[in-house]
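Colleague: Show me the model, please. I would like each label argued from its cut-off.

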Amino acid sequence: MRVLSGIKPTGKLTLGNYIGALKNFSQYQSDHDVFIFIADLHALTLPIDPEELRMNTRLLTAFYLAAGLDPNRVTIFKQSDVSAHAELNAILQNYLYMGELSRMTQFKEKSQNMDGNAIGLGLFTYPVLMASDILLYEANIVPVGEDQIQHIEITRDLVVRFNNRYGKILVMPEPIVSTVGKRIMSLSDPSIKMSKSESGKGDIYLTDDLTVIRKKIMSAVTDSGSEIYVDEEKKPGITNLLTIYAALTDKSLDDCVKKFKDYRYGDFKKEVANVVINTLGPFQEKAYEFLKSGEVDRVLRDGAQKATIIANQTLKKVKEAVGLL
Ligand code: AQP
C-alpha cells in the first residue's frame with residue numbers, strides 16, 4: 001500500500017499542522033511505501049516572498065525529519081523538483097470543471113476578501129495540482145486534516161471520470177483523517193481553524209519560543225462555567241484544549257475528560273501547556289540540528305530522484321491513454 005501526503009511551505013507551521021498531519025506520517029513508514037512532499041508549487045497560489053519560501057521549504061524538510069520520518073524508508077521530496085507534477089496538472093485540468101472547482105471551500109475562503117480581478121488561476125485550480133500529486137504516485141492512502149477532505153473527494157471524482165473514459169489507469173485514493181485532532185482551532189477564537197498563513201495570537205507555531213507557547217496556552221479563551229468536558233458548541237475552547245492534550249498524549253478524549261473532571265481551568269491549562277512544551281521542545285531541537293547538519297539538502301536531492309522514477313511511470317501511462325503520441 002502506498003501512502004502520500006504533503007504540506008505547503010506557506011508560513012510558520014502550526015500545532016494544527018503538527019497534530020493534523022506531521023505527527024501522523026511516520027506511523028506508516030514501517031509497513032507502507034511512503035511519499036511525503038513539500039508542496040512548494042502550491043505555496044505560489046498566494047503571494048509569498050521568495051526568500052521566505054526558500055527558508056520555509058528547508059525548515060519544513062527539517063520538521064519532517066524531526067517528526068521521525070526516516071529518509072531511508074520514506075521518499076521526501078519537493079513538488080517542484082519532479083516536473084511530472086506540472087505535466088500531469090496540464091493534462092488533468094481538462095477533466096475537472098469550473099463549476100466543481102468554484103464550489104471548493106478552501107477556494108471560497110481564501111478568495112473571499114480578494115479583489116475578484118486579482119485572484120490567481122493557481123488558487124482556483126489548486127485541486128487539479130493536488131489531484132496530480134496524489135495520482136502520480138498511485139497513492140492508496142492520503143493522511144490529511146479535515147479541511148483537505150474535499151480536495152481528495154474531487155480527486156476521487158476525477159479518477160472515476162478518467163477511468164470510465166480510458167480504462168483502469170488511475171488508482172483510487174482514500175483519505176485518512178485522525179480521529180482526534182483533525183481540526184485544531186485557534187486558542188483565541190475557537191470558532192476559526194489554527195492556520196499557518198493567517199497569523200493570529202491564538203495560533204501556536206512550531207518555531208515559537210517555549211515560554212511564548214506556555215503564555216499562549218495559559219491565555220487561551222475558555223468558556224463560561226467551570227466544568228471540563230467535550231462539547232464543540234457550548235465549550236469550544238475547552239474542547240479544543242482537550243483535543244490538543246488527547247492528540248499529543250495518544251489518549252482518547254473520554255480518558256482525558258475523566259482525568260480533568262475535577263480540575264480548575266487554570267490547572268488544566270498548565271497540564272496542556274506542559275504536554276505541548278514537552279512535545280515541541282525536543283522536536284524543535286531535532287529540527288534545528290537537521291537544518292544545521294546539511295542533511296536537509298541531501299534528503300531533498302535523493303528524494304527527487306526516487307520520486308521522479310515513480311511519477312514518470314504514471315505520467316507515461318496517462319499520456320498514452322489520452323492519445324499523446
Ligand atoms: N488546524 C488544523 N488542525 C488539523 N489539521 C490541520 N491542517 C492544517 N491546519 C490544521 C492539516 O495540515 C496539512 C497542511 O496542509 P497544507 O499546508 O497543504 O495547507 P492547509 O490545509 O491549507 O493548512 P493551513 O495551515 O491552513 O495552511 P495555509 O494557511 O497556508 O492555507 C493538511 O493535511 C491539513 O489538513
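Colleague: What makes aspartate 250 buried or exposed?

Modeller: Its relative accessible area is 65%. Buried means under 20%, exposed over 50%, and partly exposed is in between, with a 1.4 Å probe and protein chains only. Aspartate 250 is over the upper cut-off, so it is called exposed.

Colleague: And what are the ground rules?

Modeller: This is a predicted model, where local features need pLDDT of at least 70, side-chain atom pairs count only at pLDDT 80 or more, and totals for chains, interfaces and linings use all residues. Residues are numbered from 1 along each chain as its sequence is written, and side-chain values use heavy atoms, with hydrogens and water left out.

Colleague: Where does aspartate 250 lie?

Modeller: In the loop between helix H11 (236-249) and helix H12 (253-260). Helices are DSSP runs of H or I with at least four residues, strands are runs of E with at least two, and both are numbered from the N terminus.

Colleague: What is the phi of aspartate 250?

Modeller: Near 55 degrees, a positive value in a residue other than glycine. Most residues other than glycine have a negative phi. Glutamate 138 also has a positive phi, near 50 degrees. Glutamate 138 sits just after H8, in the loop between H8 and strand S4 (141-143).

Colleague: How do you know how well helix H8 is covered?

Modeller: By counting residues in H8, which spans residues 126-136. Eleven of its eleven residues are buried, and H8 is mostly covered. Among the buried residues are Tyr126, Met130, Ser132 and Asp133.

Colleague: Why is lysine 78 called buried?

Modeller: Its relative accessible area is 18%. That is under the lower cut-off, so lysine 78 counts as buried. Lysine 78 belongs to strand S3 (residues 74-78). Leaving aside its neighbours within four places in sequence, lysine 78 is in contact (heavy atoms within 4.5 Å) with Ile38, Asp40, Thr57 and Leu300.

Colleague: Buried or exposed, what is threonine 75, and why?

Modeller: Buried, because its relative accessible area is 6%. Threonine 75 is in strand S3 too. Its contacts, again without neighbours within four places in sequence, include Val34, Ile36, Gly303 and Lys306.

Colleague: Which way do the residues of S3 point?

Modeller: Val74, Ile76 and Lys78 point one way, Thr75 and Phe77 the other way. In a regular strand the side chains alternate between the two faces of the sheet. Both sets in S3 are buried. By count, five of the five residues in S3 are buried.

Colleague: How do you know that S2 and S3 pair, and in which sense?

Modeller: Two strands pair if DSSP finds at least two bridges between them. Strand S2 (residues 33-38) and S3 have five bridges, so they pair, and they run parallel. Isoleucine 36 stands opposite isoleucine 76 in S3. In S2, five of its six residues are buried.

Colleague: How many bridges join strand S1 to S2?

Modeller: Six, and S1 (residues 2-7) and S2 pair in the parallel sense. Leucine 4 stands opposite phenylalanine 35 in S2.

Colleague: Why is glutamate 320 called exposed?

Modeller: Its relative accessibility is 54%, over the upper cut-off, so glutamate 320 is exposed. Glutamate 320 is part of helix H14 (residues 295-322). Glutamate 320 and tyrosine 166 are 154 residues apart in sequence, yet 9.8 Å apart in space, C-alpha to C-alpha.

Colleague: Now the ligand. Which residues come nearest?

Modeller: Lys110, Asp147, Lys193, Lys196 and Ser197, out of the 23 residues around the ligand. A residue is near a molecule if one of its heavy atoms lies within 4 Å of it. By class, this shell has six nonpolar, ten polar and seven charged residues. Nonpolar means Ala, Val, Leu, Ile, Met, Phe, Trp, Tyr, Cys and Pro; charged means Asp, Glu, Lys and Arg; the others, Gly among them, are polar.

Colleague: What makes the pair of lysine 110 and the ligand a polar contact?

Modeller: The rule is a pair of N or O atoms within 3.5 Å. A side-chain N or O atom of lysine 110 is 2.3 Å from an oxygen atom of the ligand, so the pair qualifies. Aspartate 147 has a polar side-chain atom 2.4 Å from an oxygen atom of the ligand. Isoleucine 184 uses a backbone N or O atom, 2.7 Å from a nitrogen atom of the ligand.

Colleague: How much of the ligand's accessible area does the protein cover?

Modeller: 97% of the 640 Å² that the ligand has on its own. Areas come from the Shrake-Rupley method with a 1.4 Å probe.

Colleague: Which elements give two or more residues to the shell?

Modeller: Helix H1 (15-25) and helix H6 (105-111). H1 gives the most, with four residues.

Note on methods: A polar contact is a pair of N or O atoms within 3.5 Å; within protein, one must be able to donate a hydrogen and the other to accept it, and residues adjacent in sequence count only if both atoms are side-chain atoms.
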